[in-house]
Amino acid sequence: ALRLPLTPNNDVWIDVSTAHVCWSLAELVPRGDTAAAIWAGGYQPSQIVRLPLPKLVAAALNAIDARRVSSSTLLEFLFGENVHTEDVLFAYGRFLRSGGAVSEIPVGYSARIAYSFGAVVYQVSRNAILTALASLDLRYSAPAELDYLCIREDAITNAVSGAFEYLGFGECVATPDPQYVGSPLCPKPETIRNALQKIHEEITSVVGRVTPRMPIFNFVKDYNRLAELGAQAFVILSGHRGSKMERINFTSLYSSPDYFQLNDKLTKNNSTRIIPKTSSRYSLLDGHLASIRALAKRLAKDYPAAAARVNKIANFEKPFAPVFFAVEIENGAILHSVKLEWQSIDETESGIAKNGGRHFIVSELVKRGVFTPLIRVITGHAREAAATFNSAAGLSPAEALESLRPLLEDVYADVAPANWPSLRQPSCNFPLVAIIPKVRLRGIASEVVVDDDFDPPPSFPKEPFNSQTLAF
């Protein structure tokens with residue numbers, strides 16, 4: 001700490017004029033250029049985290065600043081140019097061992113200020129992600145967790161101030177002109193609301209123009225658009241990254257009426273997530289399945305082979321087929337998984353990045369003070385045994401998911417439509433997916449051309465979905 005500079009260095013420094021310790025989030029989370037529409041749809045946050053100091057420290061810094069010549073580091077500022085770091089640390093250690101130089105200071109006080117500041121912030125805030133920001137103690141954050149957070153500085157100020165008050169240092173200085181800090185990809189609630197409303201209106205329009213006798217080419221075109229819109233809405237509402245869309249299969253989404261499973265990124269630090277279905281997600285998935293069943297019915301006359309395959313998909317006989325797929329019938333029938341744009345979630349300037357819904361839900365839950373392990377149910381971020389549902393994590397999947405459901409309902413109630421239109425309503429409750437082993441007859445060519453990534457075999461043996469969690 002004594003080596004901290006007093007001028008901005010894009011890393012960590014002390015701003016004596018405002019009595020704040022500052023550090024650059026950009027050094028920890030490198031980011032590329034943000035599209036103008038996405039920047040405009042978000043909070044346009046700063047990448048500088050400002051941590052206020054106690055008022056008594058600010059007064060001392062100002063008093064020293066008024067009578068000292070300019071200094072480059074905190075050591076020179078406090079003790080002059082000729083003092084060695086070792087001498088200062090020796091005197092500080094003697095102060096801690098003696099219980100303080102002033103008799104009014106209780107003996108236990110020296111032990112309290114020797115604690116990790118991160119531990120104190122967490123003791124006061126009970127928010128591990130906020131603790132990592134406020135203390136630079138990154139043990140409290142999971143890998144890449146801070147990439148997704150965008151939060152107002154007031155929350156950071158309150159966490160730091162509460163910690164210093166807990167230690168007996170009194171109130172902290174106010175942070176001047178508080179703003180948002182963190183991810184520029186986190187959209188505002190109104191941006192999410194507008195995007196979902198736009199998707200909802202277009203789905204309503206497409207459903208409204210479909211007629212029983214329309215040409216099959218026109219129907220397939222409308223179905224493909226519904227699949228694209230459904231995928232966009234699902235990615236926003238689920239905290240999905242928007243990549244590896246072919247992994248969103250029927251096993252993942254329809255194995256349970258209450259939960260769905262995501263595995264868009266499988267590494268040591270990102271686990272498969274099991275997430276509760278909210279009312280909006282449930283309606284969206286029901287409507288999309290109804291569209292697939294309508295597609296199978298319409299293809300039956302002109303493209304019986306394609307209709308048979310789609311029927312198998314709709315009836316859960318192809319459990320690893322992508323849920324969101326499009327059809328091409330110009331040269332036969334080709335099925336391929338829907339893919340989203342690299343930067344924007346669609347080709348328009350919606351103001352939402354492909355994984356913007358993920359940034360949004362993480363930030364909203366942190367803002368609401370939600371218990372961090374519950375937030376990691378959504379993100380899948382964790383280290384080894386701290387993975388969300390690892391046996392060593394001490395978290396009951398059933399209880400965690402049921403605790404998370406009303407929190408998600410509360411977040412999405414303000415931004416997501418409760419009901420989504422569909423081509424026709426399903427005639428019965430959807431059965432659970434039966435995992436049927438794949439059998440490929442040799443020497444028989446398929447009548448339907450399928451993209452390589454459409455129905456890929458598992459790369460490793462998969463457990464049945466209901467054995468992967470205690471929730472079932």
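Select glutamate 364 first: leaving aside neighbours within four places in sequence, this residue is in contact (heavy atoms within 4.5 Å) with Tyr43, Pro189 and Val411. The model is a predicted one, in which local features need pLDDT of at least 70 and side-chain atom pairs count only at pLDDT 80 or more, while totals for chains, interfaces and linings use all residues. Residues are numbered from 1 along each chain as its sequence is written, and side-chain values use heavy atoms, with hydrogens and water left out.

Glutamate 364 belongs to helix H15, residues 356-367. Helices (H or I, at least four residues) and strands (E, at least two) are DSSP runs numbered from the N terminus. With 6% relative accessibility, glutamate 364 counts as buried; the classes are buried under 20% relative accessible area, exposed over 50%, and partly exposed in between, with a 1.4 Å probe and protein chains only. Next, add isoleucine 375 to the selection: its C-alpha atom is separated by 9.9 Å from that of glutamate 364, and the two residues are eleven apart along the chain.

**The whole chain**

Now display the full chain as a cartoon. The chain has 17 helices and ten strands. Of its 472 residues, 50% are buried. Among contacts with a separation of 6 or more, 71% are between residues 24 or more positions apart.

**The nonpolar cores**

Which residues have the most contacts inside the largest nonpolar core? Select Ile156 and Leu299, which hold that place in a core of 104 residues. A nonpolar core is a set of buried Ala, Val, Leu, Ile, Met, Phe, Trp, Tyr and Cys residues joined through side-chain atoms within 4.5 Å. Helix H11 supplies the largest share of this core, 13 residues. A second, separate core has eleven residues, including Leu6, Ala58, Leu61 and Ile64.

Return to isoleucine 156 and show its surroundings. Not counting residues up to four places away in sequence, isoleucine 156 touches Val49, Arg50, Leu51, Leu130, Leu133, Ala134, Ile151 and Val181.

Then select threonine 157, which is found in helix H9. Threonine 157 counts as buried, at 11% relative accessibility. Its contacts, not counting residues up to four places away in sequence, are Pro52 and Thr175.

**Helix H7 and its cover**

Select residues 117-125, helix H7, and highlight its buried residues: Gly118, Val120 and Val121. They lie on the same side of H7 because they cover an arc of only 160° around the axis, the arc being that of the directions from the helix axis to the C-beta atoms. Add helix H8 (128-135) and helix H9 (153-166) to the view, since both are included in what covers the buried residues of H7.

**The cavity**

Next, select Ile203, Leu226, Gly230, Leu284, Gly287, His288, Ser291, Pro421 and Ser422, which line the largest cavity. The elements that give two or more residues to this lining are helix H11 (216-238) and helix H13 (279-299). H13 provides the largest share, four residues.

The structure holds one cavity of 30 Å³ or more, and the largest cavity has a volume of about 90 Å³. A cavity is a set of points, on a 1 Å grid over the protein atoms alone, where a 1.4 Å probe fits but cannot get out; lining residues have an atom within 4 Å of a point. Grid points are joined across faces, edges and corners, and the volume is the space filled by probe spheres set on the points.

Colour the lining by class to see four nonpolar, five polar and no charged residues. Here Ala, Val, Leu, Ile, Met, Phe, Trp, Tyr, Cys and Pro count as nonpolar, Asp, Glu, Lys and Arg as charged, and the others, Gly among them, as polar.

**Two residues with positive phi**

Select asparagine 10, in the segment before strand E1 (12-15). Its phi is near 60°, a positive value in a residue other than glycine. Is asparagine 10 buried or exposed? Its relative accessible area is 51%, so asparagine 10 is exposed.

Move to phenylalanine 316, in the loop between helix H14 (304-314) and strand E8 (325-328). Phi of phenylalanine 316 is near 65°, a positive value in a residue other than glycine. Phenylalanine 316 is buried, with a relative accessible area of 2%.

**Last stop: lysine 339**

Finally, select lysine 339, in the loop between strand E9 (334-337) and H15. Lysine 339 is exposed, with a relative accessible area of 56%. Add lysine 244: the two lysines are 95 residues apart in sequence and 8.1 Å apart in space, C-alpha to C-alpha.

Notes
On a 1 Å grid over the protein atoms alone, a cavity is a set of points where a 1.4 Å probe fits but cannot get out, and a pocket is an open set with protein on both sides within 12 Å along at least five of seven lines; lining residues have an atom within 4 Å of a point.
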